[in-house]
Amino acid sequence: TVTSMGRDFAVNVDAGRNDLTIGYPFNVTCSLKAQNLPARFFQVVWLLNNSEIARVDPHGVSIFINAEYGIREGLGELNIARKSKENYVLKIHHVGLSDEGIYHCEVSEMERTDAGFTAVQSKRSQDVFLNIKFLDSNLKVSLSSSSSQVTEGESLTFRCDASETSTTLSMSWYLIRGQEQREMIASIEQDGSLRLGSTYQQRHYYGNIVVEKMSSRTFTLGIYNSLVTDGGRYVCQATEWALETGGSWRKMNDQFEEMSVRVVPLSLGLKVALMSRTPVVQSGSHFDLMCLVSANYSLDGVPMSIIWQFLPSGIAGDYYQTLVKISHDGTIEWSKKYPYFQTRTMVTKSKLRIHRATKKEMARYRCDVEILRRDMENKWMTGATATSSSLMIEVKPQDSSLKVSMENKHMEVTSDDSTVEIKCEVLAVPKQDHQLAITWYVLSPLDPGNTLKILSTSYNNVVTYGEKFTSPGLRAKYQSGRVSQTLYQLKVLQMDHRDRGTYYCTVEEWMWLEDDEWQKLGQKVSGSTTIEFKSTADNLRVNTTELTLTLPESQESLFLACGIISKSSNSSTFSVSWWKRPADSEDQLIFKTDPNLVFQYKNMNSSDKQLDRRLRFERPSELNYRLMILEPMGSDSGTYFCRVEEWFMNPRQEMYKNAEKQSGNITVTITPAELSVHGQVCSSPSLFYFILVCPLLIFLIMSTALMYICMRSRCGGKQEMHSTNGDWWKTAMVDPVSSAMDDLMSKYKEDEDMDV
């Protein structure tokens, strides 16, 4: 005994005799010493071979941890009690072989908290060894089973035979899992009553645990719908009992036998593999999927369900959809979400075949396997599952055998409302369940770089027109038809210049699928047919004579003639333009008239911004056109030519160009003019001033002479003066100065006539 000090305490154990014969009583007393015991709380635990069998909690409540001891307590074979605050006793009224071993107790001081009791300190007692001695007996036991290894869910049967004996026998069945204590399954007592372990009572109720006494010395144990936890060492223990005076039973002897049994889990080694010989198939063909199941045990007769799942192509994530489930009893359950699979799918236990595959069947597939077993209530339950890896099935369009003629053709038509038939020939005939769609296109020079759709005939013979061909007139003008199985044509009625261009067709091959959908298999483009529109023969002729003109700057005008020699028709109208070709740049348009003689693009791109004010247009006759440049300058020198466009009016009162021709070149050189008298005078300052001053001087001299004469006449007498003055004036009129002026004016007039 250890004396406690302060909060400390001491623990002691007393078992009395430690060598006992089977059937005798055995007590294990655990005592403790501590100060202030009434105010303190303790928990006492008894252990056998370091495994807890029972305890008394701080409130003094007895608890059996080991299920077997709990059953024995219920049968009155043992009990635990707290005699006082110091002494706690475990009493076994009839010891048996299972009671042999090392006993000790552990005491923990407990402290009350809001959450309950918490251990503050613990003490362990010394060990006590109990040795069980046998009575003299000839009892022997043998144990056998139906199998040493079964698969989860299968049945186990055990038979335990005891040797001949004159005493009464009881038979107990135990299971030992690994290093754990043995657990009682069931026991047939000496009086014939049945006792069941706590964990087996419900299973016995549903008929999964069956214990029988076949004879006075033969006992059986049946375990049905076995669990993985049923694996371990099974023990059958036979006990001899003697009936004493007073009707009480006394245990005489124990004998036992054990054997190991393995219960293989259904999940052990369970694997599923998904295979296909054709992971890439053509639409309309079939493909097979095989679900191969394997495990570390035989699967013969093992109930299982197979669930086929798929993940449609293009869907991200792991959201597999159930396609069909084949239950263990052969029941087939189809997905209501994808009913179209049922009409084209053949399924067996481990094989899935899909006929007439389409793009909808292009997906990732996998199969789930459920291994089934019975539960306690004998209902089917899932014992194990496994999922295969996914397998991608790719559905490609069928290889199209479509071929069309690639021959390029050229046609010329006239304007007399001709009808043109453009051919589109199919060289290879598709399969019977395939259809063709024809689309006609045109590349028009009126809209270069833009291919226009005229019309199309779909695989189900629906005709649709292109965006620019929807008017009633154009729908009637363009007609598509099928001449034979391999020949299609486009009729163009009342051809005119707008219909010229390059025509071709595209041919599409389509296949009808089971789910009322069409699948495009291929497309081919035919050769082109180029149509040139010639409304009238081109008889336009233009004067192509090359001319060279050299003119002085003093010339009043420059005439650029454009002569039409012949025209294609009496209804021809013309557009005439004049161009100048500089030596170091592109041709420049200087003047143009349209067929209605309306001026257009006047002086367009001309570097001479004053030229447009010096241009005059003339049409002397129906086929002669003339452009006049007034006051030609040196900058007007260059090479000129004209272009003539011939235009007609079509039946729809629309103008179209029939032909275009260019005249010969006119090379023009403008030279500086020679100076005239006026020019010479103006160009010489000294002469200019002389001409201006000389008449003034002459006038002054004549005025002075006249005044002098008048003054002399007055001095000589009036009459005489008059006579004399008259004669002098006459003489002055033929003065040499006057004669010189007359000569100068005459010369000036001659020079002016020469300039003209």
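The exercises below concern the cavities and disulfides of a predicted model, and each is followed by a worked solution.

**Exercise 1.** Find how many cavities of 30 Å³ or more the structure holds, and describe the lining of the largest cavity.

*Solution.* Begin with the count, which is 2 cavities of 30 Å³ or more. Next take the largest cavity, in which about 140 Å³ of space lies, and list what surrounds it: the lining has 19 residues, and Glu 77, Ser 172, Tyr 174, Gln 237 and Lys 251 lie nearest the centre. Then sort the lining by class, which gives 3 nonpolar, 7 polar and 9 charged residues. Finally, look for the elements that each supply at least two lining residues, and you will find helix H1 (67-74) together with strands S15 (168-176), S20 (232-243) and S21 (249-264).

**Exercise 2.** Decide whether Gln 237 is buried or exposed, and name the residue whose side chain makes a polar contact with the side chain of Gln 237.

*Solution.* First place the residue, which lies in strand S20. Its relative accessibility is 4%, and because buried means under 20%, Gln 237 counts as buried. The polar contact runs from the side chain of Gln 237 to that of Asp 254, at 3.3 Å. Leaving out residues up to four places away in sequence, Gln 237 also touches others, including Ser 172, Tyr 174 and Arg 182.

**Exercise 3.** Work out which strands are linked by the disulfide of Cys 160 and Cys 236, and which hand this disulfide has.

*Solution.* Start from the sulfur atoms of Cys 160 and Cys 236, which are 2.1 Å apart and form one of the structure's 5 disulfides. The pair links distant parts of the chain, since Cys 160 is in strand S14 (residues 156-162) and Cys 236 is in strand S20, 76 residues apart. The torsion about the S-S bond is about 60°, so the disulfide is right-handed. Both ends are buried, with a relative accessible area of 0% for Cys 160 and 0% for Cys 236.

**Exercise 4.** Describe the second largest cavity by its lining, and follow the disulfide of Cys 642.

*Solution.* The second largest cavity has a volume of about 30 Å³, and its lining includes Leu 560, Trp 578 and Cys 642. By class there are 7 nonpolar residues, 1 polar and no charged ones, and strand S52 gives the largest share, 3 residues. Now turn to Cys 642, which forms a disulfide with Cys 562, the sulfur atoms being 2.0 Å apart. Cys 562 lies in strand S46 and Cys 642 in strand S52, so the pair ties together parts that are 80 residues apart in sequence.

Terms used: Residues are numbered from 1 along each chain as its sequence is written. This is a predicted model: local features need pLDDT of at least 70, side-chain atom pairs count only at pLDDT 80 or more; totals for chains, interfaces and linings use all residues. Side-chain values use heavy atoms; hydrogens and water are left out. On a 1 Å grid over the protein atoms alone, a cavity is a set of points where a 1.4 Å probe fits but cannot get out, and a pocket is an open set with protein on both sides within 12 Å along at least five of seven lines; lining residues have an atom within 4 Å of a point. Grid points are joined across faces, edges and corners, and a volume is the space filled by probe spheres set on the points. Helices (H or I, at least four residues) and strands (E, at least two) are DSSP runs, numbered from the N terminus. Ala, Val, Leu, Ile, Met, Phe, Trp, Tyr, Cys and Pro count as nonpolar, Asp, Glu, Lys and Arg as charged, and the others, Gly among them, as polar. Buried means under 20% relative accessible area, exposed over 50%, partly exposed in between (1.4 Å probe, protein chains only). A polar contact is a pair of N or O atoms within 3.5 Å; within protein, one must be able to donate a hydrogen and the other to accept it, and residues adjacent in sequence count only if both atoms are side-chain atoms. Contact means heavy atoms within 4.5 Å. A disulfide is a pair of cysteine sulfur atoms within 2.5 Å.
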